[in-house]
Amino acid sequence: MRERRAAQERRRAREFEAFVAGAAGRLLRAATLLTAEPEGQPAPAAERLLTLALARTYAAWDRLRGEDPYDRARQEMAAHYAHSAWRARLPRALRPGTPPPSSGLLERLSPQERLVLVLRLYEGVAEEQTAAQLGLPAERVHTLCLRAVGHMRSKPRGGRSVSLGGEAPHPVRDVPDLPHLPDSSAPQRTEAAAP
């Protein structure tokens, strides 16, 4: 009995290590976007967020049969981020006693906008699934996503455009590693109800 249990634990550890080897990079990128820490520098808050999500995923590993472990880790990460940062109404840069902004890519967004933008556009989670996971109406998720996209396409408060590389700054620039951002200025088509 003890040998069989030890063999199960070794198999579980190998499966989880293989999962982490394949998914940790993308999950860390999502965590870095959520915490708005600068790229190319140490990101301790993102690493803590990822570690917690992976620990909770590992704890539930045996119950994941048939479920995608990446989805579970992403859900754990989003839930912890929402629980810890969602309550903060002001962006980190505007809170009193906060050091100057760290120039993270999504620093200008509120925690809600940041979470919705990362889930919807970086991770590709459907609007309805994002709404269900966050406990919000789908219309609110849609509005938060459009507002976040608008903030990212506008000039920052300092009057400078977002520069994401060696090129000259450009005011309308897509966020790197995200699919094409929807044009929030395009009219929304609605279906008329039949009489």
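## Aromatic cluster and nonpolar core

Phe16, Phe19, Tyr58 and Trp61 are joined into a cluster through ring pairs. The structure is a predicted model, and the number of aromatic pairs found in it comes to four. One of these is formed by phenylalanine 19 and tryptophan 61, whose ring centres lie 5.7 Å apart with 45° between the planes, so that the pair is classed as tilted, given that stacked pairs have planes under 30 degrees apart and edge-to-face pairs over 60. This pair connects distant parts of the chain, since phenylalanine 19 belongs to helix H1 (residues 2-35) while tryptophan 61 lies in the loop between helix H2 (44-59) and helix H3 (69-85), with 42 residues separating the two. Phenylalanine 19 and tryptophan 61 are both buried.

Arginine side chains are also placed over aromatic rings, as the following table sets out.

| Charged residue | Ring | Distance to ring centre |
|---|---|---|
| Arginine 12 | Tyrosine 58 | 4.3 Å |
| Arginine 26 | Tyrosine 122 | 4.4 Å |

Tyrosine 58, over whose face arginine 12 lies, is also a member of the ring cluster.

In soluble globular proteins, nonpolar side chains tend to be buried together. Here the largest nonpolar core holds 42 residues, and those touching the most other members are Phe19, Leu27, Met77, Leu106, Leu115 and Leu117. Two or more residues are given to this core by each of H1, H2, H3, helix H4 (111-122), helix H5 (127-134) and helix H6 (138-153), and H1 gives the most, with eight residues. Phe19 thus appears both in the ring cluster and among the core residues that touch the most other members.

How values were computed
Residues numbered from 1 in each chain as written. Predicted model: local features only at pLDDT ≥ 70, side-chain atom pairs only at ≥ 80, totals over all residues. Heavy atoms only, no water. Phe/Tyr/Trp six-rings, centres within 6.5 Å; stacked < 30°, edge-to-face > 60°. Helix = DSSP H or I, 4+ residues; strand = E, 2+ residues; numbered from the N terminus. Buried < 20%, exposed > 50% of the residue type's maximum accessible area, 1.4 Å probe, protein only. Lys NZ or Arg CZ within 6 Å of the ring centre and 35° of its normal. Core = buried A, V, L, I, M, F, W, Y, C linked by side-chain atoms within 4.5 Å.
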